[in-house]
Amino acid sequence: REYTPKVIDINYTEGSDDKKWSSTNFPWTKELEAKNRSKFGNRSFRPNQREIINATMSGNDVFVLMPTGGGKSLTYQLPALISEGLTLVVCPLVSLIEDQIMHLSQANIPATYLSASVEWSEQQEILRDLMLCHYKLLYVTPEKIAKSDTLSRLLNNLYSQGHLSRIVIDEAHCVSQWGHDFRPDYKNLGVLKQHFPKTPVLALTATATARVKEDVVQALGLANCIVFRQSFNRPNLRYFLRPKTKKCLEDIDNFICTNHFKECGIIYCLSRMDCEKVADKLREYGHNVSHYHGSMDPVDRTHVQKQWSKDRINIICATVAFGMGINKPDVRFVIHHSLPKSIEGYHQECGRAGRDGQPSSCVLYYQYSDYIRVRHMLTQGVAEQTVTPRGGYSNSHEQALKTHKENLLRMVSFCENDVDCRRLLQLVHFGERFDPSLCGKTCDNCLKELEWVEKDVTNIARQLVELVTMTGQSHSSSHILEVYRGSVSQNVKKQRHDALPFHGAGKHLAKGEAARIMRHLVTEGILIEDVKRSGNIYGSISSVLKANQLKASELRSGKHSIVLKFPAPDKASKMGKLDVSSFPQINKTAHQQSEVDENLASMLFDALVTLREQ
Ligand code: ADP
Ligand code: MG
Ligand code: ZN
């Protein structure tokens, strides 16, 4: 059975609600269907594929939002095959390009690529063949467009002869600074539309926030493009968040043995060292596992990936470098051993599971302190990435860092939410409505069968902010919480924090409640978590809370109130139990209901949005 994403909210299928794109009476329809079968071995089209192809073949600029694994490549490879001339494909990674070329050459479709890694003499030969129209597809990395005069000359020549049939921007979200994967070289791709205004552009991405979409459309100059968009819900994936404790690796072992014994999976780890540690431990437990990360020898890396593709290795412990463009259909689980950097990233990484449509699991291990670690790494990483040989990105450096931090905070708030459906939380982020009753208990929050109550916690929030200010904005969140809950530990006494007005004011709160409110304050930007490293670069990382004075004063003056959902009191104990129990066995036959109640969906959506805006 194939994975066919269901379009739940037709309001969002902006292009595809125009019936004309589904027509089977286009001049190319026959050839299209024949080549889909003979060259690609597909029996039919997946949702939106036919529509997208018809729209781009008709000469329109088209913007496609389709989840990972939805089948975006076909929407330009088939048109390339049945069009005169050359299709130019811009793609961010050489490894992705090589993967595509391999598939195309297996299907006997003439395709080639130019990147810095191709030898000069070979490039000359390729360019000659390109001029002679020996190829249908030319893949390039974005920096080629920016730097290579030879390529520009070639494209100009082809264009003036009417032989540049289509320009494809794959992974188009890389254009956007708001995306989770911004690449400076993508920013300049707008020149393509300027130089080749008559050639239709097809932009493809699996990232769909409204902001990213607007950015991409703007940057690429696609003013009148047709947008195709479909639901990002992946019905066959189940989502679980687990508290990350010292027993995390035991828990992972338990989870795999119970639910996915000897099946294929990916475990995403934060650092290279984590990859190796996690792999070693799981090997001790008897699993067939390898690690994969950027500082490995490329030969070893390719070897590991091949072994995994051929099922000689079941599990790969990898950094996020692993997976872009990985095409294995039967990945049964994706585990996040550490906090993903953004909701988009999380969604995309999870999306590598269950491409064949079979039930698969996504488990995320979360502890708040990972937030500090990831944040620190982001700060370092951004610094490395933006120091380019040409310089000149110093302006965007701060902007990029800010975006990364915002994206990360959204991820934290996703994790901190132990009430709402995990599908709904992801889909809301992509601007899509989802009726959580359709989840059918396929996420941890729906599984709890929680009843919840809304509480106005503005007062508690105010007290916490006051405490942060009174203690001089130089303490960690756990210290503030200790004081708030009335601790008389030595550390608290030494600093005389037991004498402060709100010392012990939060005594009556259930465990974790104050912490959740505090984290909400951080994700809302009312409190700011500053990362500090003590001593030299090997010193430990610590964080101190500061207050955003403007927002704090709004809170104080009553301009801003805070309402959060909490588990209803009688069910709270049940939730606690679920957290410490061993991993629940997953009901493999449980599937999502397919009926859609539009009214209920929009009602819940509105309720949630109101809640977020408050
Ligand atoms: P995306 O780029 O959207 O993540 P891909 O283009 O890599 O997805 O396609 C994912 C998988 O789906 C590939 O293995 C591809 O062969 C397969 N696929 C695409 N279209 C079809 C189709 N119409 N029928 C069957 N399989 C398809
Ligand atoms: Mg793709
Ligand atoms: Zn759910």
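In this predicted model, strand 8 and strand 13 (residues 360–366) run in parallel and are joined by seven bridges. Along this pairing, Arg238 finds itself opposite Ser361 of strand 13. The two strands belong to an open sheet of six, and reading across it gives the order 8-13-12-9-11-10, with parallel pairing. Strand 8 (237–243) and strand 10 (289–292) form the edges of this sheet, each pairing on one side only. From one strand to its neighbour, the average turn is 15°, with direction ignored. As a reminder for readers new to sheets, the strands are held in pairs by backbone hydrogen bonds, and the pairing can be parallel or antiparallel.

A second sheet can be followed in a similar way. Seven strands make up this open sheet, in the order 3-4-2-5-6-1-7, and their pairing is parallel. Strand 3 and strand 7 (226–229) lie at its edges with a single partner strand each, so each has one side without a neighbour in the sheet. The twist from one strand to the next averages 20°.

Edge strand 3 is worth a closer look. The partner of strand 3 (residues 111–114) is strand 4 (residues 137–140), and four bridges join these parallel strands. Within this pairing, Tyr113 sits opposite Tyr139 of strand 4, while Leu114 has Val140 as its bridge partner. Which way do the residues of strand 3 point? Ala111 and Tyr113 point to one side, Thr112 and Leu114 point the other way, and all of them are buried.

Helices lie across the strands of this seven-stranded sheet. Helix 4 (residues 94–106) crosses strand 3 and strand 4, and its direction makes an angle of about 160° with strand 3. Helix 3 (residues 74–82) lies across five strands, namely strand 1 (62–65), strand 2 (86–90), strand 4, strand 5 (164–169) and strand 6 (201–205). The angle between helix 3 and strand 5 is about 170°.

Further along the chain, two helices pack against each other. Helix 18 (residues 458–470) meets helix 21 (residues 513–523) at an angle of about 75°, and their axes are 10 Å apart. Angles of 65 to 115 degrees count as roughly perpendicular, and this pair is therefore described in that way. Helix 18 contributes Ile460, Ala461, Leu464 and Val465 to the contact, and helix 21 contributes Ala514, Ile517, Met518 and Leu521. What kinds of residue make up this contact between helix 18 and helix 21? Eight are nonpolar, and there are no polar and no charged residues. The spacing within a helix is helpful to recall here: with 3.6 residues a turn, an α-helix has residues three or four places apart pointing the same way.

Helix 19 (residues 477–484) has six of its eight residues buried, so the rest of the structure largely encloses this helix. The buried residues are Ser477, His479, Ile480, Leu481, Val483 and Tyr484. After helix 19 comes Gly486, with a positive phi near 90°.

The model also holds a ligand. Ligand 1 is surrounded by 14 residues, of which Asn42, Gly70, Gly71, Lys72 and Ser73 are the closest. By type, the shell around ligand 1 contains nine polar, three nonpolar and two charged residues.

Taken as a whole, the protein chain includes 24 helices and 17 strands. Of its 614 residues, 41% count as buried. Among contacts between residues at least 6 apart in sequence, 77% link residues at least 24 apart.

Technical notes. Residues numbered from 1 in each chain as written. Chains lettered and ligands numbered in written order. Predicted model: local features only at pLDDT ≥ 70, side-chain atom pairs only at ≥ 80, totals over all residues. Buried ≥ 20, exposed ≤ 12 C-beta atoms within 10 Å, placed from the backbone. Near = placed C-beta within 6 Å. Nonpolar A, V, L, I, M, F, W, Y, C, P; charged D, E, K, R; others polar. Axes fitted to C-alpha atoms, helices over the stretch in contact; angles between N-to-C directions. Parallel < 35°, antiparallel > 145°, perpendicular 65-115°, else oblique. Contact = placed C-beta atoms within 7 Å. Pairing = 2+ DSSP bridges.
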